[in-house]
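Please open the model in your viewer and keep the selection panel at hand, since this tour moves from one selection to the next. At each stop the text says what to pick and what can be found there.

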Amino acid sequence: MDRFTWSSGLLEMNETLVIQQRGVKLYDGDDKAKLDVGVAMLSTHQLLWRDMKNHECCISLPLSQIVYFEEQAAGIGKSAKIVIHLHPVSANKEPGPYQLSKFSYIKLSFKEHGQIEFYRRLTEELSQKRWESTPVSQPIPTATGLQAGRTRAVGIVGIERKIEEKRKETDKNISEAFEDLSKLMVKAKEMVELSRSIANKIKDKQGDITEDETIRFKSYLLSMGIANPVTRETHGSGTHYHLQLAKQLGDMLIEPLEERGGMMALTEVYCLVNRARGMELLSPEDLVNACKMFESLKLPLRLRIFDSGVMVVQLQSHSEEEMIASALDNVTEKGSLTAEEFAKLLGLSVLLSKERLFLAEKMGHLCRDDSVEGLRFYPNLFASQA
Amino acid sequence: MHRRGVGAGAIAKKKLAEAKYKERGTVLAEDQIVQMSKQLETFKSNLEEFASKHKQEIRKSSQFRLQFQEMCATIGVDPLASGKGFWSEMLGVGDFYYELGVQIIEVCLALKHRNGGLITLDELHQRVLKGRGRLAQDVSQDDLVRAIKKLKAMGNGFGMIPVGSSYLVQSVPAELNMDHTVVLQLAEKNGYVSVSEIREGLKWEKERACHVLDHLLKEGLAWLDSQASGEPQYWLPALFSELTSRDVTPEEANQMTP
């Protein structure tokens, strides 16, 4: 610790602050230094340390004094440390906190962590040795270090203080947010329990619930994001919101559907609708639940689920027979088709053209040839030429 | 539930039932619904207050979002169920995740010709971040996972397969059973796998290994390198790292299928 000199904490013109870390305690060799916890700072030229409570107490040592350094892992009740081995004291060293030390190494104890990044930066600086290429002017010698501390007006202190204040404020904001969030969640939990009680009563028919009240209850569940305890759906159909949505979709999807051969995968619809909205987006479940209402609202669209699980929206006018006939025609004309080829022909997505071919096959009009080269469909000659 | 009847008889019957219940000290469901409506109003204003103070936290901090989601799950609330939910409307949680859903779908679609509809969570993460631009908010892998879970509702085969220390995200309804999954996990180390590796590593018969590999080829999830020294290698584009691959256009991909 006798390699340290009192410092103003000011950086020179060509010197840059690389990293700083609070909660660092210094050790003179293996003994705790007679200093409190402070902030360790690494610049391109020096290693500095400032007392957190007494900002005037600041010390530094040039990086050129460092021989090598190593990590000391944390233990039970012990923080992680970086051990720094130093060259012998130079003859003309300025005064510092220690006149003499029997140790040739110091330790930085990281009580608030940060040792990994500090170690990394220290490694970088000591390999780059930037202090050699950008010499700084000799710091003006002063009578005592404490006096030097008083002359600083701007520089690292001001910046450091701002960073510290901002960090405290952010910490405070986050912890306040979490606190408020916890309180909010307690109230939300009460709502969940109340809704369960209501749902149980509806099930057991304790009381006389009108259809109106049921709809209202469902909309409450929707607002809170509580799954309907009876049906297990999050809100199912039957809320006004989905009714309106279904009508909106009925309007806006007609044209895109016609452009795409009368059928669109639900994920495609999701992207289309949400991109158009820009905000107040639909959830995937909103979309599914609205689409389920197409039939009951007598809208010209239908939600359809294929055997594979693929969900599509298709135009009601889009008849099944037409699709199958067109598939058969195209395949017959070309001799055989893969889903990719069919897709290109019709301008459909591969996913949907596959489904059409499967459908035609299911109806017995096409046969598949399933090989490593891919899945190819042929007209079913067994049926037509039998 | 049954419709309320009209007429004096029905009214009398109802009064009797009410009296019976009140006698036993049971609160009626319809009374509770009224109570819930009041509590909902209170909750709504609490949420509004919370939002006015902390709405930015949700968008700015992935840590906060994680905590928020876990708390909701604990109490049995799904904040992403509907865009009409309070959470979505007032905190803007919904828009964040639903938009992310759109971006995920678009990335998966754009790369499907190359990887057959299978992509590592890491690559998906990188590409989504790139697509969002420098000024967009940070998105964590947890955020992606939650958005993907929601996409499942639309039935397009969105799923996550645990592989190595992370996941593969599946975006096509290809049938992948345990056998396929296990082979994918085996291939994760080198990005490819061979029949003998499978036989050694999993102790399978040759037929079983070939069956699985053929299926992966057919689904476009694996590419065959029959010119590899030794025996043919089955490569999985989903597992290609940036270093060992270059982007392939759909036309090139078509030419490559045997």
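Begin with chain A coloured by secondary structure, which in this predicted model comes to 13 helices and 15 strands. If you then colour the 386 residues of chain A by burial, 46% of them count as buried. A surface drawn over chain A has an accessible area of about 20000 Å², and 53% of that area belongs to carbon and sulfur atoms. When the contacts in chain A between residues at least 6 apart in sequence are listed, 59% of them turn out to join residues at least 24 apart.

**First stop: strand S2 of chain A**

Select residues 17-28 of chain A, which make up strand S2. Ten of these twelve residues are buried, so the strand is largely enclosed by the rest of the structure.

Which strands should be added to the selection to show the pairing of S2(A)? One of them is strand S4, residues 38-43 of chain A, which pairs with S2(A) in the antiparallel sense over five bridges; to see one position of this pairing, display Gln20(A), whose bridge partner in S4(A) is Met41(A). Another is strand S9, residues 105-110 of chain A, which also runs antiparallel to S2(A) and is joined to it by five bridges.

Now centre the view on Asp28(A), which stands opposite Ile106(A) in S9(A) and has Asp31(A) as its bridge partner in S3(A). Strand S3 covers residues 31-32 of chain A, and two bridges join it to S2(A) in an antiparallel arrangement. S2(A) and S3(A) form a hairpin with two residues between them, and in the turn Gly29(A) has a positive phi of about 65°.

**Second stop: an open sheet in chain A**

Next, select strands S13, S14 and S15 of chain A, which form an open sheet in the order S13-S15-S14 with antiparallel pairing. The edge strands are S13 (337-338) and S14 (366-371), each of which pairs on one side only. Between S14(A) and S15(A), the latter spanning residues 374-379, there are six bridges in the antiparallel sense, and within this pairing Asp370(A) has Leu375(A) as its bridge partner in S15(A). Add residues 320-334 of chain A to bring in helix H10, which packs on the sheet and touches S13, S14 and S15, its direction making about 95° with that of S15(A).

**Third stop: helices H6 and H8 of chain A**

Select residues 240-252 and 266-277 of chain A, helices H6 and H8, whose axes come within 12 Å and cross at roughly 95°. That angle makes H6(A) roughly perpendicular to H8(A). To inspect the contact, show Leu245(A), Gln248(A), Leu249(A) and Met252(A) of H6(A) together with Val273(A), Ala276(A) and Arg277(A) of H8(A). These residues divide into five nonpolar, one polar and one charged.

**Last stop: helices H5 and H7 of chain B**

Finally, move to chain B and select residues 93-115, helix H5, and residues 141-151, helix H7, which pack at an angle of about 80° with their axes 9 Å apart. H5(B) and H7(B) are therefore roughly perpendicular to each other. On the H5(B) side of the contact, display Phe96(B), Tyr97(B), Leu100(B), Gly101(B), Ile104(B) and Ile105(B), which meet Asp143(B), Leu144(B), Arg146(B), Ala147(B), Ile148(B) and Leu151(B) in H7(B). Coloured by residue class, this contact divides into nine nonpolar, one polar and two charged residues.

Terms used: Residues are numbered from 1 along each chain as its sequence is written. Chains are lettered from A and ligands numbered from 1 in the order in which they are written. This is a predicted model: local features need pLDDT of at least 70, side-chain atom pairs count only at pLDDT 80 or more; totals for chains, interfaces and linings use all residues. Side-chain values use heavy atoms; hydrogens and water are left out. Helices (H or I, at least four residues) and strands (E, at least two) are DSSP runs, numbered from the N terminus. Buried means under 20% relative accessible area, exposed over 50%, partly exposed in between (1.4 Å probe, protein chains only). Contact means heavy atoms within 4.5 Å. Accessible areas come from the Shrake-Rupley method with a 1.4 Å probe; for residues, only the protein chains shown count as cover. Two strands pair if DSSP finds at least two bridges between them. Axes are lines fitted to C-alpha atoms, for helices over the stretch in contact, and angles run from 0 to 180 degrees between N-to-C directions. Angles under 35 degrees count as roughly parallel, over 145 as roughly antiparallel, 65 to 115 as roughly perpendicular and the rest as oblique. Ala, Val, Leu, Ile, Met, Phe, Trp, Tyr, Cys and Pro count as nonpolar, Asp, Glu, Lys and Arg as charged, and the others, Gly among them, as polar.
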